[in-house]
Amino acid sequence: MTDDAYLALLTGPGATLGVPPAAVGQLAFMDTPAARAWLDAQGVTPTSPELRLLPPEQTAALPEDAERLPVPLGDEELSRLRHETAPQDVARLEEELLAYRDCADGREALLARAVAAGVPPYRIAELTGEDLAAVEAVAG
C-alpha cells in the first residue's frame with residue numbers, strides 16, 4: 001500500500017474506484033500548478049466524470065495503464081476522502097466514531113460495533129483519537 005492518495009482518470013470497471021474530487025469538498029492541491037498542468041495535459045477539468053480521487057488504501061487497485069497523479073492531502077482532506085469512499089453503513093458508523101470524541105459513553109460497545117462492521121482498527125483510532133493498541137485490544 002502506498003502512502004499517497006491519487007488523482008486518476010478511470011473508465012470501465014476501474015471507474016468505481018475512489019470518488020469524484022468534488023465529493024470530498026475543497027481540496028488545496030487542486031489549486032497547485034502541478035495539478036492544473038496535469039489536468040490540462042490529460043484534457044480534463046476538475047469536474048470531468050472520469051476523474052477520480054483515491055485514498056492510499058485503494059491505489060493498489062488502480063489499473064496499470066491508468067493515468068495517475070500522486071496528490072498531497074491534509075489530515076482533514078484525507079479523512080473526508082476516506083469517509084466518502086467508505087460503504088454507507090461504515091460511513092454512518094464513522095460519523096458515530098467522530099462524535100465519540102465528545103463523549104466516551106458506550107465506548108467499548110461502539111468500538112466493538114465498528115470492528116464488527118469492518119472498519120479497520122487504524123481508521124477507528126484515527127476517527128476516535130483512541131490509542132491504536134486500545135482499539136486492537138477491543139478487536140482482539
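Me: In β1, A5, L7 and L9 point one way; which residues point the other way?
Reply: This is a predicted model, in which local features need pLDDT of at least 70 and side-chain atom pairs count only at pLDDT 80 or more, while totals for chains, interfaces and linings use all residues. Residues are numbered from 1 along each chain as its sequence is written, and side-chain values use heavy atoms, with hydrogens and water left out. Every one of these β1 residues is buried, meaning under 20% relative accessible area, where exposed is over 50% and partly exposed lies in between (1.4 Å probe, protein chains only). Opposite A5, L7 and L9 stand Y6 and A8.

Me: How many of the five residues of strand β1 are buried?
Reply: Helices (H or I, at least four residues) and strands (E, at least two) are DSSP runs numbered from the N terminus. Strand β1 covers residues 5-9 and is largely enclosed by the rest of the structure, because the number of its residues that are buried is five of the five.

Me: Which residue of β2 is the bridge partner of L9?
Reply: Two strands pair if DSSP finds at least two bridges between them. β1 is joined by four bridges to strand β2 (residues 51-54), the two running antiparallel. It also pairs with strand β3 (residues 68-71) in the antiparallel sense over four bridges, where A8 has R68 as its partner. On the β2 side, L9 is bridged to L51.

Me: In what order do the elements of the protein run from the N terminus on?
Reply: The secondary structure comprises six helices and three strands. Read from the N terminus, the order is β-α-β-β-α-α-α-α-α.

Me: Which residues have the most contacts inside the largest nonpolar core?
Reply: A nonpolar core is a set of buried Ala, Val, Leu, Ile, Met, Phe, Trp, Tyr and Cys residues joined through side-chain atoms within 4.5 Å. The largest one has 19 residues, and β1, α1 (33-42), β2, β3 and α2 each supply at least two of them. Apart from it lies another core, of 14 residues, which includes L111, I124, L127 and V135. Within the largest core, the residues with the most contacts are L7, F29, L53, V71, L73 and L81.

Me: With which residues is V71 in contact, leaving aside its neighbours within four places in sequence?
Reply: Contact means heavy atoms within 4.5 Å. V71 is among the residues with the most contacts inside the largest nonpolar core. Beyond its sequence neighbours, V71 touches A5, Y6, L7, F29 and L53.

Me: Is L17, in the loop between β1 and α1, buried or exposed?
Reply: Excluding neighbours within four places in sequence, L17 is in contact with L10, R52, L54, Q58, A61, L62 and P63. One of these, A61, is 44 residues away along the chain, yet the two C-alpha atoms are separated by 7.9 Å. With a relative accessibility of 16%, L17 counts as buried.

Me: Which elements do the buried residues of α4 pack against?
Reply: The buried residues of helix α4 (residues 107-116) are L110, L111 and A114. Seen down the helix axis they fall within an arc of 95°, so they line one face of α4; the arc is that of the directions from the helix axis to the C-beta atoms. This agrees with the general pattern: an α-helix has 3.6 residues a turn, so residues three or four places apart point the same way. The elements packed against these buried residues are α3, α5 and α6 (132-139).

Me: How many residues apart in sequence are the parts that the pair of E57 and R82 ties together?
Reply: A salt bridge is a side-chain nitrogen of Lys or Arg within 4 Å of a carboxyl oxygen of Asp or Glu, and the side chains of E57 and R82 form one at 3.0 Å, N to O. E57 lies in the loop between β2 and β3 and R82 in helix α2 (residues 75-85), so the pair ties together parts whose separation in sequence is 25 residues.

Me: Which residues do salt bridges that share partners join into one network?
Reply: The whole structure contains seven salt bridges. In one of them the side chains of R123 and E94 meet at 3.1 Å, N to O, linking helix α5 (residues 121-128) to helix α3 (residues 88-100) across 29 residues. Both R123 and E94 are buried. The network formed through shared partners consists of E57, R82, E94, R123 and E126.
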